[in-house]
Every structure is written in structure tokens, then in C-alpha cells.
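This briefing walks through one protein model, from its overall make-up down to single residues. Look at the fold as a whole before turning to the details.

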Amino acid sequence: MRPGELVLDIGSGYGRVLVYLEQKGFEHVFGLESDFRYFKKNPLSVVCGRGEQAPFKDESFGAVFSIGVFSYILEDQKRMQLSNEIQRILKSRGFLFLSCFMISGDEYHQNKYREGQKEYGTFGIFESDSRGIFRHSRENELRELLNKFRILSWKTRPFMTMNKRPASGVIIEAQKH
Ligand SMILES: C[S@@+](CC[C@H](N)C(=O)[O-])C[C@H]1O[C@@H](n2cnc3c(N)ncnc32)[C@H](O)[C@@H]1O
């Protein structure tokens, strides 16, 4: 990234990533968060809105973070819309840092995915113990979503869900062409 370029964290929640980036020395860090409840606790500059309709001009940001957000977006069309918006608001050769949950092979999640498939029609969408509805992704689904980016690194890792269940996750670094 070049000095002075803006950084956006889509789905900034309570601002964990924003604080981390500021501590790392990034000066122009912004958040975009769809859930209004998070604002009161947010320490930095956060805009209320959805990533699929990001309220920013084309090529505004040198880097975009999307940590955990794709697990919240269930429909294929909205997931592609989010990917297209990230592409639009990134500068040429700008960076995307993305992480999200992947399909997990353990019995608990496999049962959840099967139940979810009956209810929602897609394997990977399921109702968690806390009654939130989430989507865990297959690798090919994520590669399809990111097909306009150059993938720089793709690391699968054991992740822990909010309900403290072991699951699989991925951390991806990508670049706009
Ligand atoms: C798993 S949390 C991660 C929060 C933060 N990125 C972090 O790592 O601490 C995902 C966040 O994305 C937000 N979110 C979900 N769908 C969104 C969307 N379409 N646009 C913007 N934010 C969204 C949720 O409200 C939630 O705050």
C-alpha cells in the first residue's frame, strides 16, 4: 500500500480489527457495519450500511478487510454482490484480506448442514445453537466469489465458532487486478 491510502473494514462489529490496524500504524481506517447495535461501542469512524451496497466511490481504498462477514451472508447473489462491491471500491492493485468459516467435516456441523439444506436449500447454511443463521463455505464457492481477484495466499486453519465449537476457517490475501 502507498502512504495515505484508506483502509476499510467491512463488517467491523465492535471495532476489533479497526483498533488493531490503528495500533499497527494505519492512519486512515474506516469501518462499514450493517448492525446498528454495534455503533455505541465503536471507537473509530464507522459508517452504517451493507457491504453489498457500499456507500463509497469507485477506487476509494488501498485495502479492504472482510473478517467473518461472508459467514453472515446466506444468498449466492448477495455474496457475489459483496465481492463485486469490494472490487469496485478498491483501487487498482488494492488488497483484500478475507477470512470466513469453511465447511467443517465434524459430525456436529455435518448434521447441522444436512438439517439446514432441508430448510434453506443450500448445504452449509445452518442454524447455530444461539439461533443465528450462518453459512459455511466450500472452497470452490469462495474461489468463484473471488474469481476477479488474484489470490496471493490461501491458508486453511482450525477456527473456533462463537459457540466455542471447533470448525474450519480460511484466511485469504487477494489483490485487485
Ligand atoms: C463475525 S463478525 C466480525 C466482526 C469483526 N470483523 C471482527 O473480526 O471482530 C461479522 C460482522 O459483520 C457484520 N455484517 C454481516 N453482514 C454484513 C453486511 N452485509 N454488510 C456489513 N456488515 C455485515 C455483522 O453485523 C458482524 O458485526
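The points below describe a predicted model, grouped by topic.

The protein has four helices and nine strands. Seven of the strands form an open sheet with mixed pairing, and helix 1 lies across strands 1, 2 and 4.

**Overall make-up**

- Read from the N terminus, the elements follow the order β-α-β-β-β-α-β-α-β-β-α-β-β.
- The radius of gyration is 16 Å, close to the 16 Å given by the globule rule for 177 residues, so the protein is as compact as a globular protein of that length.
- The C-alpha trace spans about 50 × 35 × 25 Å along its principal axes.
- Of the 177 residues, 33% are buried.
- Among contacts with a separation of 6 or more, 62% are between residues 24 or more positions apart.

**The sheet**

- The strand order across the open sheet is 3-2-1-4-5-9-8.
- Strand 3 (45–48) and strand 8 (149–160) are the edge strands, and each of them pairs on one side only.
- On average, neighbouring strands of this sheet are turned by 15° against each other, with direction ignored.
- As background, strands of a sheet pair through backbone hydrogen bonds, and the pairing is either parallel or antiparallel.

**Pairs of strands within the sheet**

- Strand 4 and strand 5 (residues 90–102) run parallel and are joined by six bridges.
- In this parallel pair, Ala63 stands opposite Phe95 of strand 5.
- Helix 2 (residues 76–89) takes part with strand 4 and strand 5 in a right-handed β-α-β unit.
- Strand 5 and strand 9 run antiparallel, with eight bridges between them.
- Leu98 stands opposite Ile172 of strand 9.
- Strand 9 (residues 166–176) also runs antiparallel to strand 8, and 11 bridges join the two.
- Phe159 faces Ala167 of strand 9 across this pairing, standing opposite that residue.

**Helix 1 and its two sides**

- Helix 1 covers residues 16–23 and lies across strand 1 (6–10), strand 2 (29–33) and strand 4 (61–67).
- The helix runs at about 175° to strand 2.
- Which residues of helix 1 are buried? They are Val17, Leu18 and Leu21.
- These buried residues cover an arc of only 100° around the axis, so they sit on the same side of helix 1.
- The buried residues of helix 1 pack against strand 1, strand 2 and strand 4.
- Exposed residues Arg16 and Gln23 are carried on the face of helix 1 turned away from its buried side.
- Gly25 follows helix 1 and has a positive phi, near 105°.

**The loop before helix 1**

- Tyr14 lies in the loop between strand 1 and helix 1.
- Is Tyr14 buried, exposed or partly exposed? It counts as partly exposed because it has 17 C-beta neighbours inside 10 Å.
- Tyr14 and Val46 are 32 residues apart in sequence, and their C-alpha atoms are 9.9 Å apart in space.

**Positive phi outside glycine**

- Arg93 is not a glycine, yet its phi is positive, at about 65°.
- Arg93 belongs to strand 5.
- Arg93 has 12 other C-beta atoms within 10 Å, so it is exposed.
- Lys164 is also a residue other than glycine with a positive phi, near 65°.
- Where is Lys164 found? Lys164 is in the loop between strand 8 and strand 9.
- Lys164 counts as exposed because it has 7 C-beta neighbours inside 10 Å.

**Ile125 and its contacts**

- Ile125 is placed in strand 6 (residues 125–127).
- With 19 other C-beta atoms within 10 Å, Ile125 is partly exposed, because a residue needs 20 or more to be buried.
- Leaving aside residues up to four places away in sequence, Ile125 touches Leu74, Gly116, Tyr120, Ile133 and Arg135.
- Ile125 and Met80 are 45 residues apart in sequence and 16 Å apart in space, C-alpha to C-alpha.

Definitions and conventions. Residues numbered from 1 in each chain as written. Predicted model: local features only at pLDDT ≥ 70, side-chain atom pairs only at ≥ 80, totals over all residues. Pairing = 2+ DSSP bridges. Axes fitted to C-alpha atoms, helices over the stretch in contact; angles between N-to-C directions. Rg over C-alpha atoms; globule rule 2.2 N^0.38 Å. Right-handed = clockwise from strand over helix to strand, strands pointing away. Arc of directions from axis to C-beta.
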